[in-house]
Amino acid sequence: MAVQSHKLSSGYLIPAIGLGTWQSKPNEVACAVESALKSGYRHIDAAAVYDNEDEVGRGIKASGIDRSEIFVTSKLWNTHHKPDDVELAVDTTLKDLQLDYLDLYLIHWPVAFKKGTSESHRFPINPENEQVHVVEIPIEDTWKAMEALVQKGKIRTIGVSNFTREKIESLWKTATIKPAVNQIEIHPYFQQESFVTWMHDHHIVVEAYSPLGNNIYNLPRGVDDPKIHEIAARLGKQSAQVVINWALQRKIVVLPKSVTPERISANIETFELPKDTMDSIRFLDRNHRYNFPARLGVNIFGEKTEEELRRSVEEWVSAQRKLKESVAGKS
């Protein structure tokens, strides 16, 4: 089966499988992107905070695939939410990617940081409390600046990432261009069924990051669940392929990450899962969100208490102090 595409509210088509580039190590990304495009991918998901967009650009160029055939996404980092900083962030990304426009540009998180001492300073610290320096910048103002870049032709489609229904509805009140996409965490242990349905009903394309389950927290991943392994063995497929196609059949854009050519090729193979198989995967849902930066002290998803947030911030500050002391002791 060929990889499907979804029509965005902007009128453009977005391929339903893209190569994720988060946490790819230096010198691996360019080869992964080149390999993916030569294997048939036509969608690359990047972001400024991944600090590898220059490699992504080299991989795109090395592939030899015409620019018009490739859908490229990037994301606005939290340090550049001020309207005057948005175009600078886009221009930097375009330069690194060696492109003259982006197919999709997302607000990476609905939280803003004070701009750092350099363009690449991602997590500036507030010297008064040693916490990540969160500031108040209205999302509506950031969005207006992104809308202006659509008019300039630097971006074709704009969307959001890690936004709740409430934040999307709030943005609608002032937006001229409605968000076409929301990129969120989705995997068998965190399926977000009602939220996905709501977005589909409102013509928002849903993208799944960490679709196989996030492995940076040393917690069980959905792709490693015995049920997924059982399904894969029965179908003669890989576990990752089962999870990817489960998401595709939910009409979700999937962004698996790999730097191994064999896995990159395997991840783009599409096939139909029987209804009973889809149902059995649905029962794996634990409503378990992995990717929540509690250290920021911001209740991004409305799921934490003030006490939980306060404790997370204190633990992070304490850990950073110990790290500094350890480094100082070795010097």
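## Two helices that cross

Let's start with helix α1 (residues 29-39) and helix α2 (residues 53-63), whose axes come within 7 Å and cross at roughly 35°. This is a predicted model, so keep in mind that side-chain atom pairs count only at pLDDT 80 or more. The crossing of α1 past α2 is right-handed.

Who touches whom? On the α1 side, the contact residues are V29, A30, V33, E34, L37 and K38. Facing them from α2 are E55, V56, R58, G59, I60, A62 and S63. Sorted by class, the residues of this α1 and α2 contact come out as 7 nonpolar, 2 polar and 4 charged.

## The largest pocket

On to the empty space. The largest pocket holds about 1100 Å³. It is lined by 49 residues, and the ones closest to its centre are W22, Q23, S210, N214 and I216. If you want to find your way around by secondary structure, look for α8 (239-249) and α9 (261-267), the elements that give two or more residues to this lining.

As for the chemistry of the lining of the largest pocket, it divides into 20 nonpolar, 18 polar and 11 charged residues.

## The second largest pocket

The second largest pocket comes in at about 290 Å³. Its lining has 17 residues, with P110, V111, E136, I137 and I139 closest to the centre. Here the elements that each supply at least two lining residues are β8 (134-135), α4 (139-152) and α5 (165-172). Of the elements, α5 gives the most to this lining, with 3 residues.

By class, the lining of the second largest pocket splits into 12 nonpolar, 2 polar and 3 charged residues.

## Aromatic pairs

How many aromatic pairs does a search of the whole structure find? There are 7. One of them joins F113 and F123, with the ring centres 5.7 Å apart and 45° between the planes. Planes under 30 degrees apart would count as stacked and those over 60 as edge-to-face, so this pair is classed as tilted.

The F113 and F123 pair also links distant parts of the chain, with the two positions 10 residues apart in numbering. F113 belongs to strand β7 (residues 112-113), whereas F123 sits in the loop between β7 and β8. Strand β8 (134-135), at the other end of that loop, is one of the elements that supply at least two residues of the second largest pocket's lining.

Conventions. Residues are numbered from 1 along each chain as its sequence is written. This is a predicted model: local features need pLDDT of at least 70, side-chain atom pairs count only at pLDDT 80 or more; totals for chains, interfaces and linings use all residues. Side-chain values use heavy atoms; hydrogens and water are left out. Axes are lines fitted to C-alpha atoms, for helices over the stretch in contact, and angles run from 0 to 180 degrees between N-to-C directions. Helices (H or I, at least four residues) and strands (E, at least two) are DSSP runs, numbered from the N terminus. A crossing is left-handed if the near helix is turned anticlockwise from the far one by less than a right angle, and right-handed if clockwise. Contact means heavy atoms within 4.5 Å. Ala, Val, Leu, Ile, Met, Phe, Trp, Tyr, Cys and Pro count as nonpolar, Asp, Glu, Lys and Arg as charged, and the others, Gly among them, as polar. On a 1 Å grid over the protein atoms alone, a cavity is a set of points where a 1.4 Å probe fits but cannot get out, and a pocket is an open set with protein on both sides within 12 Å along at least five of seven lines; lining residues have an atom within 4 Å of a point. Grid points are joined across faces, edges and corners, and a volume is the space filled by probe spheres set on the points. Rings of Phe, Tyr and Trp (its six-membered ring) pair if their centres lie within 6.5 Å; planes under 30 degrees apart count as stacked, over 60 as edge-to-face and the rest as tilted.
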